[in-house]
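Let us walk through this structure together, going from the overall picture to a handful of individual residues. Keep the viewer open as you read.

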Amino acid sequence: MREHKVEINRDKCIGCGMCQRDCPAYNIVVENKKAAVKTQSCIMCGHCVAVCPKAAVSMTGFDEPPIEIDKPTVLEPPQLLEAIRTRRTIRQYKDKPIEPDVIEQIIEAGRLTPSGGNAQDVSYIVLRDEIERYEKIAVRFAKRLLPMIKLVSPTAKNAVIDEHFFFKKAPVAIVVVSNDKINAALAASNMELMAEAHGLGVLYSGFFARFANSSPTLRRLLNLNHTKAVTTLVLGYPNVKYRRTAQKDPANVRYL
């Protein structure tokens, strides 16, 4: 990882204190009407860069410059809620490839997701050209463990592990990898929204993530020596149409 530094252009700085007030690490101080960084060992979240009205704050070590925001992008609440309401887990896929730029946008949605302490500790493994190879290894491993799993998991009681048990003939699966389950889950959620915006169906394969972490062969091939697969997004164009929404129990809410 490249070294990042926060730099403040004193000629541009007007001492407004916005960066100081917005810094979650309390790492900026305004002295003599100029902002200054206390230490370079901060979380490098970039709030100071984003909030400065004079573009006096910058961060080094990145390939991309910050993008100017003329007006925040706001999603229409009813449309977003309806998209969430009508989406379903997809297990039937068309025999149709996913365009590379669509995969890139899905991963970009994960990359741009905020992470705790700005850790940026989520990575992605795209199974595409060799997806069948990895599924075969997982299936072979799962069949050996299935009798034991059925003893402790009621949901696995009626499970039948066939050759497409994990990926359901989908063209792509993205393994979301991190030692922080929350950061990975947040990234995966945004990736799912992006995938569905492209007309793709999504299946969260917790089973594959579990076996990827347990199988010595998969851990080695996926290079999971010092990290874990948190979930796997199975992606493809749906070959099924749902005609009504799923019923849900009321939310359990307390206002204090």
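Helices and strands here are DSSP runs, at least four residues long for a helix and at least two for a strand, and they are numbered from the N terminus. With that in hand we can place a residue such as Asp11, which is found in the loop between strand E1 (6-8) and helix H1 (18-22). Please bear in mind throughout that this is a predicted model.

Before staying with single residues, let us take in the whole protein. Its secondary structure comes to eight helices and eight strands. The protein is more spread out than a compact globule, because its radius of gyration is 23 Å, well over the 18 Å that the globule rule gives for 256 residues. Along the principal axes, the C-alpha trace spans about 70 × 45 × 45 Å. Of the 256 residues, 33% count as buried. Turning to contacts with a separation of 6 or more, residues 24 or more positions apart account for 76% of them.

The surface and the charges complete this overview. About 17400 Å² of the protein is exposed, and carbon and sulfur atoms supply 52% of that area. The protein has 37 positive and 27 negative charges, and the mean positions of the two sets are 8 Å apart.

Now back to Asp11, in its loop between E1 and H1. Is this residue buried or exposed? Asp11 has 75% relative accessibility, so it counts as exposed. In sequence Asp11 and Lys34 are 23 residues apart, and their C-alpha atoms lie 9.1 Å apart in space.

Two lysines deserve a look at their backbone. Most residues other than glycine have a negative phi. Lys33, however, has a phi near 65°, a positive value in a residue other than glycine. You will find Lys33 in the loop between strand E2 (28-31) and strand E3 (34-37), and at 69% relative accessibility it counts as exposed. Lys169 also has a positive phi, near 70°. Lys169 sits in the loop between helix H5 (131-152) and E6, and its relative accessible area of 59% makes it exposed.

Next, let us go to the helix H6. H6 has 17 residues and reaches 24 Å from its first C-alpha to its last, close to the 24 Å expected at 1.5 Å a residue. Which residues of H6 are buried? They are Asn183, Ala184, Ala187, Ala188, Met191, Glu192 and Ala195. These buried residues pack against helix H4 (100-111), strand E5 (123-127), strand E6 (172-177), E7 and strand E8 (229-236).

Follow the chain out of H6 and you come to Leu200, in the loop between helix H6 (181-197) and strand E7 (201-204). Despite its place in a loop, Leu200 is buried, with a relative accessible area of 4%. What is Leu200 in contact with, leaving aside its neighbours within four places in sequence? Its partners are Ile98, Val102, Ile106, Ala195, Gly236, Tyr237 and Pro238. Ala195 is one of the buried residues of H6. For Gly236, which is 36 residues from Leu200 along the chain, the C-alpha atoms of the pair are separated by 5.4 Å.

In strand E7 itself you will meet Val202. At 2% relative accessibility, Val202 counts as buried. Neighbours within four places in sequence aside, Val202 is in contact with Arg88, Thr89, Ile90, Tyr93, Glu192, Ala195, Glu196, Leu233, Val234 and Leu235. Among these contacts, Glu192 and Ala195 belong to the buried residues of H6. Phe141, by contrast, is 61 residues from Val202 along the chain, with 24 Å between the C-alpha atoms.

Our last stop is Val240, in the segment after E8. With a relative accessible area of 24%, Val240 is partly exposed. Val240 touches Ile90 and Gln92, not counting residues up to four places away in sequence. Ile90 is also among the contacts of Val202. As for Val102, it lies 138 residues from Val240 along the chain, and the C-alpha atoms of the two are separated by 21 Å.

Key
Residues are numbered from 1 along each chain as its sequence is written. This is a predicted model: local features need pLDDT of at least 70, side-chain atom pairs count only at pLDDT 80 or more; totals for chains, interfaces and linings use all residues. Side-chain values use heavy atoms; hydrogens and water are left out. The radius of gyration is taken over C-alpha atoms; the globule rule is 2.2 Å times the number of residues to the power 0.38. Buried means under 20% relative accessible area, exposed over 50%, partly exposed in between (1.4 Å probe, protein chains only). Contact means heavy atoms within 4.5 Å. Accessible areas come from the Shrake-Rupley method with a 1.4 Å probe; for residues, only the protein chains shown count as cover. Lys and Arg count as positive and Asp and Glu as negative; His and the chain ends are not counted. The place of a charge is taken as NZ of Lys, CZ of Arg, CG of Asp or CD of Glu. The expected span of a helix is 1.5 Å times one less than its number of residues.
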